[in-house]
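The questions below ask why certain words are used for this model. Each answer sets a value against a cut-off and then concludes.

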2 protein chains.
Amino acid sequence: MFERHRQAPLYMQIAEHIARQIDQGTYRVGDAIPSVRAGRKLFKVSPGTLLEAYRNLEDRGYIRARPQSGYYVRQRAGDMLEPPKPSGTARKPSPIQVNPAIQMLRRMAERDLLQLGAAVPDASFMPTRALNQRLTRAVRIHDRSIHTYGPPTGLPKLRQQLARMMAGYGCTLSGDDLIITNGCTESLNLCLRAVTRPGDTVAIESPTYYGHLITLKGLGLDALPIETSAVEGISVPALEKAAKRHRIAAVVVTPSFANPTGSCMPDSSRRELLSWAHRTGTPIIEDDIYGDLYFGDVRSTPLVAMDSSGLVLYCSSTSKTLSSGFRVGWCVAGKYSAQVELLKVAVNPTSTIAPQHALADFLDNGGVHKHLRRLRRQYREQVDRFCESVTRHFPEPIRLHRPAGGHLLWIELPKQVDTAEVFQHALAHKISIAPGAIFSPNGQFRHYMRLNCAVPWSARVDQAIRTIGQIVSELS
Amino acid sequence: MFERHRQAPLYMQIAEHIARQIDQGTYRVGDAIPSVRAGRKLFKVSPGTLLEAYRNLEDRGYIRARPQSGYYVRQRAGDMLEPPKPSGTARKPSPIQVNPAIQMLRRMAERDLLQLGAAVPDASFMPTRALNQRLTRAVRIHDRSIHTYGPPTGLPKLRQQLARMMAGYGCTLSGDDLIITNGCTESLNLCLRAVTRPGDTVAIESPTYYGHLITLKGLGLDALPIETSAVEGISVPALEKAAKRHRIAAVVVTPSFANPTGSCMPDSSRRELLSWAHRTGTPIIEDDIYGDLYFGDVRSTPLVAMDSSGLVLYCSSTSKTLSSGFRVGWCVAGKYSAQVELLKVAVNPTSTIAPQHALADFLDNGGVHKHLRRLRRQYREQVDRFCESVTRHFPEPIRLHRPAGGHLLWIELPKQVDTAEVFQHALAHKISIAPGAIFSPNGQFRHYMRLNCAVPWSARVDQAIRTIGQIVSELS
């Protein structure tokens, strides 16, 4: 069952196995897990390896040691907390304020910070070695041709590989249905432009990714924030109600592991959303950039796979899973394909060639599924550790919901705490966080913050979370 | 004077030397140039080398051999032709038709065609080996960091290198003034969006690059074509007159070697344009993508270097000089910098990292100036040969103007020839041309065509031009 040659260390495989048993209820809170003596035999490993596995589970909050007695499943501190309160629906659409966000972004991007602010995965989580080999190989094999223009919609072989990957989660597409872009933001821009005109109103999750807000702002679109739960995402009934009062040109949603909340829409809710879209003819722009990063056993089915109307415009990218610096995203624009293709030519007639070759090669035979399995395990562990550390170091009361995927943690603090201030104080300690207000078009969520968990866990990270907790205490 | 170790072959150096003497009037039409015997001594080369140089000058139309007499400067056939007639100014702005252009573009990009259609430099003109070395080196040195996000405005070292290059032609800028983009088209989009709103009217050259038209279309802008000479570019008096009748939100111009005409605005006309812009407060978007490809002794000064008002938004790219596939362009947005930076974040928060490293390295110490000198000589020779071949193979009457830079040739045919038909017939021979109508928002220039001269000269190319000439004959 546990093999020494597999990529994950043996202790990690055992910890993962027991964590899943706990998640699935094989062991319940209060149950003893196998003693070191019993576990040694059960897992056929040395006591050292087993102790390391148990230590890992302790750090993630799954178990606690009782002296002279053994290891017991505990209620994880994060799981006892209430999730952040669902947001409300805005009364009316509003233009978007992004200046504070832009200013904060500049600071968040500074190199010497511990980057818990921007949703940037540390490069150590990416298959950089394999991709670099393939990039170097692409340079050697394709030589001169990487310096010419390519087709506006992207290299056919990359489109095919991505279509094949999407087939794995229920999307029946051919490579021709995909348009390669310069990242998910370009996808979102093209799709929004295909279905809206400046001055239109776009319904969004509340809170929503500040990059979406900047994009809407750039396109002269107004935002209508819709009630959203940090657990189950956008409320379709609230959307329906709002759509009766306002003309909504499009909806932008991130059904799987939304940024910043990490919420994941249940299938029933996805179906409701699609059914509303069909009834009203409203295009739905689906951001699925975090979709591959699920912690459970199966990937959620994206809207585009459930849809037969062509009203779903699907946007994704390799930036959170393979390489942020390659800038390779894609979109599937349903019945708007021709418009999106025209707009692609109009804004960016070719995406950079060499990274497309390298990625197509990696997707073809580079072990992408193995990489993603490892990445999901790593992010899951990271999120566990962040949750544990936050619940240990932050003053009560806080609200948070351990996400079921992705690498972001959304935390609600007491009302009097302004996270723009937390942000400033944390900077003085060379730590960045993402203050809540940047996730709103009009400065809501001032007492929320988002943490990026895709920073390799270390004592320094734990200490940083303790420091943020102290800042929060002082401001409470 | 002529050195064996220099990059250009000896015969080429001699041909270039004599060609320049002819251009400058040292030898005039009818003059004899040195005989082979005299030339051998003068240039200290073998008779074979000298004959090769003279053969090159014959092929480019500079000289002709008279049996038993020697070599004489001739009137080059292309130079005897009239330039294409100046276009007119449109009565009113019009929305843009681009569907035929898009359809033709799809065919033009097919791989098995002789590419005289798209303005794509053959990769053999690019410093591909040096850039590939530097890309591989960037992968090795920067390793993991090429997979993370970079600053939205681009790598500081690349911005500095480009600012230094621009200093060489009179632009006093710091790296901070430049914004790296995903190519000139992205620059143009960002700049247009910073100064216009959908429904606005933008004055353009007539004809103008179809890519500009597609961009305007994508942004919902109307185009107002202004009278333009194939020799001296846009007519500023015509622009002034048009601006009295219509509200012009911005002007898009390519002062140096415009696409498709190859026209180059004289300095006086550039100053007039700037003075009008200052008087009226109208932003000028300058596309300088061909600016480095001058055939004379000095580079034309771009508008941005002559301007002190901040009204000029400068767009350029490395796509015509170093690598089209790297997708690295830049812009300098004057007083609109903050808006352009915001829009850059909104559409494309980072350009691909690895090519930026490779280019910065090449610009720093890769011999870019040596490369550009060679490239200018090569393009000049290419354009000469294309001119000669067209005047030899096309039925009279035609009009063309040998451009003073760039790699494009704009040809006016008799009115009855529809180059959309020429395009279709040429495709059957696996040759692409660019039909004139795609350079107009409303289907003008049907009896014009553009040829891309950046395809290495060969008997096949000559034969292709003969074939196009025959097609034109049949349709005349």
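**Cysteines, burial and backbone**

Q: Why is the pair B:Cys191 and B:Cys315 not called a disulfide?
A: In this predicted model, the sulfur of B:Cys191 lies 3.8 Å from the closest cysteine sulfur, that of B:Cys315. A disulfide needs the two sulfur atoms within 2.5 Å, so 3.8 Å is too far for a bond.

Q: What makes B:Cys191 buried or exposed?
A: The relative accessible area of B:Cys191 is 0%. Buried means under 20%, so B:Cys191 is buried.

Q: Why is B:Cys453 not counted as bonded to B:Cys387?
A: B:Cys387 holds the closest cysteine sulfur to that of B:Cys453, at 6.8 Å. Set against the limit of 2.5 Å, that is too far for a bond. B:Cys453 also counts as buried, because its relative accessibility is 0%.

Q: How many disulfides does the structure hold over all chains?
A: The count over all chains is 0.

Q: Why can chain A be set beside a compact globule?
A: A compact globule of 476 residues would have a radius of gyration near 23 Å, and chain A has 23 Å, so the two agree. Along its principal axes, the C-alpha trace of chain A spans about 70 × 55 × 45 Å.

Q: What is chain A built from, in helices and strands?
A: Chain A has 17 helices and 17 strands. Of its 476 residues, 63% count as buried.

Q: What share of the contacts in chain A joins residues at least 24 apart?
A: Taking contacts between residues at least 6 apart in sequence, 75% join residues at least 24 apart.

Q: What is known of the surface and charges of chain A?
A: The accessible surface comes to about 18,200 Å², with 48% of it belonging to carbon and sulfur atoms. Chain A has 59 positive and 42 negative side chains, and the centres of these two sets lie 3 Å apart.

Q: Why is helix H9 of chain A called largely enclosed?
A: H9 covers residues 210-218, and 8 of its 9 residues are buried, so the rest of the structure largely encloses this helix. Among the buried residues are A:Tyr210, A:His212, A:Leu213 and A:Leu216. After H9 of chain A comes A:Gly220, with a positive phi near 70 degrees.

Q: What makes the peptide bond from A:Ser206 to A:Pro207 worth a remark?
A: This bond is cis, with omega near 5 degrees. Most peptide bonds are trans. A:Pro207 sits in the loop between strand E5 (201-205) and H9 of chain A.

Q: Where does A:Pro397 lie, and what is the peptide bond from A:Glu396 to A:Pro397?
A: The loop between helix H15 (368-393) and strand E13 (399-400) of chain A holds A:Pro397. The bond from A:Glu396 is cis, with omega near -5 degrees.

Q: What is the phi of A:Asp143, and why is this residue called partly exposed?
A: A:Asp143 is not a glycine, yet its phi is positive, about 45 degrees. Most residues other than glycine have a negative phi. A:Asp143 belongs to the loop between helix H6 (128-142) and helix H7 (156-167) of chain A. Partly exposed lies between 20% and 50%, and A:Asp143 is at 35%, so it counts as partly exposed.

Q: Why does A:Phe445 count as buried?
A: Its relative accessibility is 7%, and the cut-off for buried is under 20%, so A:Phe445 counts as buried. A:Phe445 also has a positive phi of about 65 degrees, although it is not a glycine. It is found in the loop between strand E16 (434-435) and strand E17 (448-452) of chain A.

Q: How do you know how B:Pro441 is placed relative to B:Ala223?
A: The two are 218 residues apart in sequence, but 7.0 Å apart in space, C-alpha to C-alpha. Leaving out residues up to four places away in sequence, B:Pro441 touches several residues, including B:Ala223, B:Ser94 and B:Leu213. B:Pro441 lies in the loop between strand E16 (434-435) and strand E17 (448-452) of chain B. At 2% relative accessibility, it counts as buried.

Q: What makes A:Ser389 buried or exposed?
A: A:Ser389, in helix H15 of chain A, has 0% relative accessibility and therefore counts as buried. Apart from its neighbours within four places in sequence, A:Ser389 is in contact with A:Trp457, A:Asp462 and A:Ile465.

How values were computed. Residues numbered from 1 in each chain as written. Chains lettered and ligands numbered in written order. Predicted model: local features only at pLDDT ≥ 70, side-chain atom pairs only at ≥ 80, totals over all residues. Heavy atoms only, no water. Helix = DSSP H or I, 4+ residues; strand = E, 2+ residues; numbered from the N terminus. Rg over C-alpha atoms; globule rule 2.2 N^0.38 Å. Buried < 20%, exposed > 50% of the residue type's maximum accessible area, 1.4 Å probe, protein only. Contact = heavy atoms within 4.5 Å. Areas by Shrake-Rupley, 256 points an atom, 1.4 Å probe, with all protein chains shown as cover. Lys, Arg positive; Asp, Glu negative; His and termini not counted. Charge placed at Lys NZ, Arg CZ, Asp CG, Glu CD.
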